[in-house]
Amino acid sequence: MKTLIVYASVHHQNTQEVAKVMAEELGADLVLAAKAHPDTVMTYDLIGFGSGIYYLKFHKTLLQFIAGLSTVAGKQAFVFSTSGGGGTERHAAVKEQLVNRGFAIVGDFACKGWDTWGPFKLVGGTNKGQPNEEDLKAARMFARGLKEKYA
Ligand SMILES: Cc1cc2nc3c(=O)[nH]c(=O)nc-3n(C[C@H](O)[C@H](O)[C@H](O)COP(=O)(O)O)c2cc1C
């Protein structure tokens, strides 16, 4: 299965670390949303969409990328993020857009990421050191699960 990961990571490259581990495990191509053309997804079977969370949303470059996607058939997608909170709550809007474009969602992954946004800056940030070894191991296991099931 040909796999692509499209991502945005502008704060501390937290999401990039996760994306790299997943790409390694899946043998996926890795591209920044800001540098990719939506038509690129057409040559892949499984596509991962990942971003840090900024003001409760995925980064605008990834949202713009998704907005530019055509309707697809027979393609699978997974969604991942890093954030201060570390949960998957903010994935819903993105998954809905992907489903509306014909993607089947096959997984979600989220973990905490070092955050020096706003007041956290004054105390050296929160989640310092994250994603840590454990987070990256979880990301690798998530990707391995996808590989075993879909690759
Ligand atoms: C401008 C800005 C806004 C943020 N907004 C949120 C937020 O709404 N919720 C949250 O949990 N984390 C928030 N964060 C923390 C980031 O999601 C977190 O640091 C993430 O790991 C950054 O990923 P990146 O290093 O890949 O850019 C924000 C960070 C920045 C810089």
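**Figure 1. The ligand sits in the largest pocket of this predicted model.** Three elements, α1 (14-26), β3 (46-54) and β5 (76-83), each give two or more residues to the shell around the ligand. Of these, β3 makes the largest contribution to the shell, with 3 residues. The shell comprises 20 residues, and Ser9, Thr15, Ile53, Tyr54 and Thr82 come nearest to the ligand. By class, the shell around the ligand contains 7 nonpolar, 12 polar and 1 charged residues.

**Figure 2. Polar contacts of the ligand with His11, His12 and Thr15.** A backbone N or O atom of His11 is placed 2.7 Å from an oxygen atom of the ligand. For His12, a backbone N or O atom also lies 2.7 Å from a ligand oxygen atom. Thr15 takes part through its side chain, in which an N or O atom is 2.6 Å from an oxygen atom of the ligand. The ligand taken alone exposes 650 Å², and the protein buries 89% of that area.

**Figure 3. The lining of the largest pocket.** Rolling a probe the size of a water molecule over the atoms reveals where empty space is left. The volume of the largest pocket is about 440 Å³. Its lining consists of 24 residues, and those nearest the centre of the pocket are Ile53, Tyr54, Ser83, Gly84 and Asp115. At least two lining residues are supplied by each of α1, β3 and β5. The strand β3 gives the most to this lining, namely 3 residues. When the lining residues are sorted by class, 7 are nonpolar, 14 are polar and 3 are charged. Ile53 and Tyr54 appear both among the residues that come nearest to the ligand and among those nearest the centre of the pocket.

**Figure 4. The cis peptide bond between Gln130 and Pro131.** Most peptide bonds are trans. The bond that joins Gln130 to Pro131 is cis, with omega about 5°. Pro131 belongs to the loop that runs between β6 (104-112) and α4 (133-150).

**Figure 5. The positive phi of Tyr55.** Most residues other than glycine have a negative phi. In Tyr55, a residue other than glycine, phi is positive, at a value near 50°. Tyr55 is located in the loop between β3 and β4 (57-58). The strand β3 is also the element that provides the largest share of the shell around the ligand.

Terms used
Residues are numbered from 1 along each chain as its sequence is written. This is a predicted model: local features need pLDDT of at least 70, side-chain atom pairs count only at pLDDT 80 or more; totals for chains, interfaces and linings use all residues. Side-chain values use heavy atoms; hydrogens and water are left out. A residue is near a molecule or strand if one of its heavy atoms lies within 4 Å of it. A polar contact is a pair of N or O atoms within 3.5 Å; within protein, one must be able to donate a hydrogen and the other to accept it, and residues adjacent in sequence count only if both atoms are side-chain atoms. Accessible areas come from the Shrake-Rupley method with a 1.4 Å probe; for residues, only the protein chains shown count as cover. On a 1 Å grid over the protein atoms alone, a cavity is a set of points where a 1.4 Å probe fits but cannot get out, and a pocket is an open set with protein on both sides within 12 Å along at least five of seven lines; lining residues have an atom within 4 Å of a point. A molecule sits in a cavity or pocket if more than half of its atoms lie within 2 Å of its grid points. Helices (H or I, at least four residues) and strands (E, at least two) are DSSP runs, numbered from the N terminus. Ala, Val, Leu, Ile, Met, Phe, Trp, Tyr, Cys and Pro count as nonpolar, Asp, Glu, Lys and Arg as charged, and the others, Gly among them, as polar. Grid points are joined across faces, edges and corners, and a volume is the space filled by probe spheres set on the points.
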